[in-house]
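Trainee: Please take a close look with me at a single part of this structure. I should then like to follow how that part is connected to what surrounds it.

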Amino acid sequence: MVEAASHTAEHIFAGTLNKMSPGLKVHKVELGAVNSVYLDLESLNWDTILGAERIVNKIIGEARSVKAHVFGSLEEAEKKFPGLRSREERISGEVRVIEIEGHDYAACTGTHVTNTAECAYFLVSGFSRSGGLAKVEFLVGEEAIG
């Protein structure tokens with residue numbers, strides 16, 4: 001459950017950043033004792049991150065539904081969800097899309113909660129840059145609140 005909530009919150013965060021600065025590329029997500037997302041977004045700074053954090057918590061509080069959709073191909077998924085976030089180079093054949101109601105659509109095979117309220121709270125705990133990528137560390141749920 002904790003990993004599913006963290007992964008869902010990461011989707012909300014990445015989707016928010018993508019709306020703020022289109023063209024965002026998520027390179028890697030690490031979930032565990034420290035949750036991290038590695039992003040290719042040169043303009044990313046603390047002001048943008050904190051603005052996105054506020055929006056993420058608003059969406060969590062709105063208890064939006066989180067749904068999984070399966071498509072036969074990436075092209076089919078993109079027809080249904082224009083602007084779909086995906087790593088095209090990693091996809092062949094069937095595609096699973098995670099939809100955060102009215103906010104984000106991303107190709108993903110991970111585990112997610114069914115409602116954003118299950119994430120409870122999202123808190124960015126670190127931000128750094130290395131090798132052209134931005135690393136954002138975050139906490140979700142009780143870890144973020146306590």
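Mentor: A hairpin of 4 residues leads from strand β1 to strand β2. Helices (H or I, at least four residues) and strands (E, at least two) are DSSP runs, numbered from the N terminus. The model is predicted, so local features need pLDDT of at least 70 and side-chain atom pairs count only at pLDDT 80 or more, while totals for chains, interfaces and linings use all residues. Residues are numbered from 1 along each chain as its sequence is written, and side-chain values use heavy atoms, with hydrogens and water left out.

The two arms of the hairpin, β1 (residues 25-30) and β2 (residues 35-40), run antiparallel and are joined by 5 bridges; two strands pair if DSSP finds at least two bridges between them. Within this pairing, Glu 30 has Ser 36 of β2 as its bridge partner. Ser 36 also stands opposite Glu 137 in β7, for β2 pairs with β7 (residues 133-140) in the antiparallel sense over 5 bridges.

The hairpin thus belongs to an open, antiparallel sheet of 4 strands in the order β1-β2-β7-β6. Its edge strands are β1 and β6 (122-130), each of which pairs on one side only. Neighbouring strands are turned by 20° against each other on average, direction ignored. Such angles use axes that are lines fitted to C-alpha atoms, for helices over the stretch in contact, and otherwise run from 0 to 180 degrees between N-to-C directions. In a regular strand, side chains alternate between the two faces of the sheet.

Two helices lie across strands of this sheet. Helix α1 crosses β1, β2, β6 and β7, and runs at about 135° to β7; contact here means heavy atoms within 4.5 Å. Helix α2 lies across β6 and β7, at about 150° to β6.

Helix α1 deserves a longer look. Its 19 residues (residues 2-20) should span 27 Å at 1.5 Å a residue, which agrees with the 27 Å between its end C-alpha atoms; the expected span is 1.5 Å times one less than the number of residues. Because 15 of the 19 residues are buried, α1 is largely enclosed by the rest of the structure. Buried means under 20% relative accessible area, exposed over 50%, and partly exposed in between (1.4 Å probe, protein chains only).

A further open sheet has 3 strands in the order β3-β4-β5, with antiparallel pairing. Since β3 and β5 (104-107) stand at its edges with a single partner strand each, one side of each is left without a neighbour in the sheet. Between β3 and β4 (residues 95-100) there are 6 bridges, and Lys 67 stands opposite Glu 99 in β4. Helix α1 packs on this sheet as well, touching β3, β4 and β5, with its direction at about 80° to that of β4.

Just before β3 (66-71), the loop that follows α2 (46-61) holds Glu 62. Glu 62 counts as partly exposed because its relative accessibility is 34%. A polar contact of 2.5 Å joins its side chain to that of Lys 58; such a contact is a pair of N or O atoms within 3.5 Å, where within protein one must be able to donate a hydrogen and the other to accept it, and residues adjacent in sequence count only if both atoms are side-chain atoms.
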